[in-house]
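Grab the coordinates and work through a few exercises with me. Each one sets a task and then walks through the solution.

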Amino acid sequence: MKRDWLPFTTTPWMLGFIITLLLLLIQASGLPRQIDFWILDKTTTLAPPEPSDDVVVVAIDEISLDRLGRWPWRRNVHAELIRKLTEAGAKTIVFDILFPEPAPDDSELAAAMDEHGQVILPVYLSPPTVDQLLGEQLPVPALAAAAAGIGHAHVELDSDGVARGLYLYNGLGSKLWPSLSMTAAGGSPKLSNDSTPAFVNIRQDFRIVPLAGGSGSIPTFSYTQVLNHPAASQAFSGKTVFVGATAAGFGDILPTPFSGLSQPMSGVEFHANAFSAIKQNQLIRPAPAWLSLGLIVFTLALLVVILPRMRPTRTLAACLTTALTLFLIYGIAFVSMNLWVPVAKALLIPILAFPVSSGFRLAMTNHFLNRQLDALARSPQLPLPGTTGRHPTQLLAHFRALLQPQGWLLQQGAETIAQNSLTPNDIPDDLPQGQWLHQDDASWIRLRRGDLNYILGLILPDDFTREGIQRYLRRLKLAQQDEIQPALKPRENISARIERVRVATERLNRMQQFMRRSFERMPDGVIVTDELGVIRFANGHIEEWFREPMPSLSGLPLASLLEGHDPRETPPWHETVSETLTLKQSRTVDLRIRGKDFLIHFAPFALPDSEQHGIIANVSDITELREQQRQHREAIDFISHDVRSPLVSQLALIEQLKRDPSHIDAMQLEQLGKLARRSYHLAEEFVQLARAEQLTETRFYECEFLAIAENARDSVSEQASEKQIQLQLQGTEDLWLRGNAELLERAIINLLTNAVQYSPEQSTVNIQVYRAGHEACLTIADEGSGIDPQELPFLFDRFRRQKQSELAGVHGTGLGLSFVKTVVEKHRGDISVTSTPGRGSTFSMRLPIADPLA
């Protein structure tokens, strides 16, 4: 016999080559960098440092913009702020506001800056226009001369778009500006050693900023609060004050590890955090590249040397120990040395080393077995215990569990073993051997087991299932077959062992084929029964969920198992199981076990190359899904009741007060009524949108599209008549489709309402309903002001309102078109819009029709 040969062996060189190759492939995907960022974010947010006591923020927020007017403000306003802070004893004032262009009040601002003496201004590196080179956007000369220092305002965004740090120095050519926070801490510009041109951007000394928290972690005061109130020396005395924009409209917002994109931090707060970290010596330095590379090489060399020499049981422990050591090195460097060491690549090595080394060992171990079991390619067969050899008493018990007969009789010779509603006198004459005889509501069969004769009779249910059960009984083979002479087996010892191996491999092959064909797409819990509904196989999920030991599950009727854990009357479990077997139809039923919700799917099957059949029952845990549905329903109920009901009461009270306006201003009541109706409409449209999102095809039915459009037109006709707008509907063909007519009508009403609302008086809205191929089409064209092309891509987004409509005073909720899109998508359709500003808009809806001839 030839020696087994493998194309590879578990050597350090081969193991190292495979791990290195996998590591390079993973590196190309960018995954290690994302892991490093995740570890860094978790480390910095787990125990954020306390902010420094001598830093505060004066925020240009929404309140300040509302009270002081639109931006930019006159520079005498900033001069007044400096004077206020000077009175309050502020040590240093840092402006995160660009002053690149001269203004009439520059002299007043410069005088205020000279009076304070420690005012720092920003510089920004950007090209003046798109087609020009990068340049420095410095403050105007008068302000730059009055400033105590100038710092760059750039914050670095990592590859995932999150701000974690900044460069301490940044500039063009050889002159590098310190950051605002560095300048506030006493830093000054420096010259770069590189002899680079003046238009080249140079950045040095990147540092990671450990933030003190999310937005608002630094004490913050509103700009208008500081400007319009007496100086608060206890809040600003001896402190460094950062002044900058926090209002969302400025766009100066940065995603951070604390906030991501949900609650980003303003740039001025980020610089304040950086100043706090500088004052407390908490800035984090990235480790040099050679350190990370050395850690990777050392980890790889260590594992590829020790793993091939270790026992398989210790491989996992070695890989886990290596990973924990890497985390320990990372933590010590981060906490004790303020050093960030990217360890993701090194961590991936033990994660990859374990499956790779185990795969090598498994391949070498199984190679010989695979060659010896090449007989697995033969025809498969998975035998279930046949019904031909079962004792009649066992058959009766199984028939009773499966079919729930209304009566039965089992007789051995002249002796009655079991009976209910049947007597020996009911046995028909000339009953054939091994074949069922159906008379009226009773079915009879004569069986022979050994030297004994048995007669079995059943009274079947008196309903529509009787005929199917009778056909099922005729298919069963209950008669005992003539004994087959076994084939001669080889007598010598070695040949007998080979034969046993051959038989075992054939059985294993049949089992594998069966599992591949029947269980390939059945997740979760699986139960396999024979043709009498008796459990022959169940996986571990069934044992865990039903809390039944595996030995007790085997041989237990499936109907008895389900009835014992979730008893029900309509429909009973035995009926579901028996109909699956007799009618050969799949069933899907809800199941509840010990407070958890499941979905059990009964699927009949027939074994390949065999007449045996049974049931495969797939049990899926849907507890979490049902809980989500319940929470969703509760949210809808809350909006429906707690939001709409008070608003309706408010409207009723307003109408009552309007009838007696002697002490109430009617204009105030009218405005209050408008606000209440708008809130009510918001709640109503939100409820409608939620209903649309919950829509499934189980709530679809045959409906006629033209009639839906006509009903929608009639609902909007009164609103159109108030503006003398004509609603012209064109369409004569009945278009049937499967859908939800109520929600489709509501969607068309939304489109028509928008068309009427945005159309001028005495204009026309054209509605066309027609068929195009296999689709039912609806177009609504108005003669309104149209839609700005920049707004079209976002037209169907939630709460999206056209800027032109808001400026014109036409207010809405922004949910109407989102509801329309949701309804159309639930119907597997498409909606589009074309619009020309000043000439109107056209909305087109396309839905698949249900015409079978299509």
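**Exercise 1: Strand partners**

Leu737, in strand 29, is the bridge partner of Cys703. Keep in mind as you go that this is a predicted model.

Task: work out how strands 27 and 29 pair, and which residues of strand 29 sit on its covered face.

Step 1. Find the two strands: strand 27 spans residues 701-704, and strand 29 spans residues 736-739.

Step 2. Check the direction and the bridges. The two strands pair in the antiparallel sense, over four bridges.

Step 3. Sort the faces of strand 29. Leu737 and Gly739 make up the covered face, while Trp736 and Arg738 are on the uncovered one. So Leu737, the partner of Cys703, belongs to the covered face.**Exercise 2: An open sheet**

Task: give the strand order of the open sheet of five strands, and name its edges.

Step 1. Read off the order, which is 18-17-21-20-19, with antiparallel pairing.

Step 2. Look for strands that pair on one side only. These are strand 18 (415-420) and strand 19 (437-439), the edge strands.

Step 3. Get the twist. Ignoring direction, neighbouring strands of this sheet are turned by 15° against each other on average.

Step 4. Zoom in on one pairing. Strand 17 (residues 407-412) and strand 21 (residues 452-459) run antiparallel and are joined by six bridges. On strand 21, Tyr454 is the bridge partner of Gln412.

**Exercise 3: Aromatic pairs**

Task: take two of the aromatic pairs, classify their geometry, and decide for each ring whether its residue is buried or partly exposed.

Step 1. Start with the count, which comes to eleven aromatic pairs.

Step 2. Take Phe221 and Phe236, whose rings are 5.0 Å apart centre to centre, with 50° between the planes. Stacked needs under 30 degrees and edge-to-face needs over 60, so this pair is tilted.

Step 3. Place the two residues. Phe221 is in strand 11 (residues 220-222) and Phe236 is in helix 9 (residues 233-236), 15 residues apart, and the pair links distant parts of the chain.

Step 4. Apply the burial cut-off: buried means under 20% relative accessible area. Phe221 has 23% relative accessibility, so Phe221 counts as partly exposed. Phe236 has 3%, so Phe236 counts as buried.

Step 5. Do the same for Trp545 and Phe598. This pair is tilted too, at 4.7 Å centre to centre and 50° between the planes. Trp545 lies in helix 17 (residues 540-546) and Phe598 in strand 25 (residues 596-606), 53 residues apart.

Step 6. Check burial again. Trp545 is at 12% relative accessibility and therefore counts as buried. Phe598 has a relative accessible area of 1% and is buried.

Step 7. Finally, look for a cluster: Trp71, Trp73 and Tyr223 form one.

**Exercise 4: Empty space**

Task: describe the largest cavity and the second largest pocket by volume and lining.

Step 1. Search the whole structure. Three cavities of 30 Å³ or more turn up, and the largest has a volume of about 60 Å³.

Step 2. List the lining of the largest cavity. Among the residues are Leu40, Asp41, Thr44, Ala163 and Arg164. Helix 2 (31-46) and strand 7 (163-172) are the elements that give two or more residues to this lining, and helix 2 provides the largest share, three residues.

Step 3. Sort that lining by class: seven nonpolar, one polar and two charged residues.

Step 4. Turn to the second largest pocket, with a volume of about 640 Å³. Of its 22 lining residues, Trp71, Asp96, Ile97, Leu98 and Phe250 are the closest to the centre. Helix 4 (75-88), strand 3 (119-126) and helix 10 (267-279) each give two or more residues to the lining.

Step 5. Sort this lining by class as well: 14 nonpolar, four polar and four charged residues.

**Exercise 5: Far along the chain**

Task: for Val528 and Thr20, find the element, the burial class and the C-alpha distance to a residue far along the chain.

Step 1. Val528 is in strand 22 (residues 525-529). With a relative accessible area of 3%, Val528 is buried. Its C-alpha atom is separated by 5.7 Å from that of Ile615, 87 residues apart along the chain.

Step 2. Thr20 is in helix 1 (residues 12-28). With a relative accessible area of 32%, Thr20 is partly exposed. The C-alpha atoms of Thr20 and Val297 are separated by 10.0 Å, and the two residues are 277 residues apart along the chain.

Conventions
Residues are numbered from 1 along each chain as its sequence is written. This is a predicted model: local features need pLDDT of at least 70, side-chain atom pairs count only at pLDDT 80 or more; totals for chains, interfaces and linings use all residues. Side-chain values use heavy atoms; hydrogens and water are left out. On a 1 Å grid over the protein atoms alone, a cavity is a set of points where a 1.4 Å probe fits but cannot get out, and a pocket is an open set with protein on both sides within 12 Å along at least five of seven lines; lining residues have an atom within 4 Å of a point. Grid points are joined across faces, edges and corners, and a volume is the space filled by probe spheres set on the points. Ala, Val, Leu, Ile, Met, Phe, Trp, Tyr, Cys and Pro count as nonpolar, Asp, Glu, Lys and Arg as charged, and the others, Gly among them, as polar. Two strands pair if DSSP finds at least two bridges between them. Axes are lines fitted to C-alpha atoms, for helices over the stretch in contact, and angles run from 0 to 180 degrees between N-to-C directions. Buried means under 20% relative accessible area, exposed over 50%, partly exposed in between (1.4 Å probe, protein chains only). Rings of Phe, Tyr and Trp (its six-membered ring) pair if their centres lie within 6.5 Å; planes under 30 degrees apart count as stacked, over 60 as edge-to-face and the rest as tilted.
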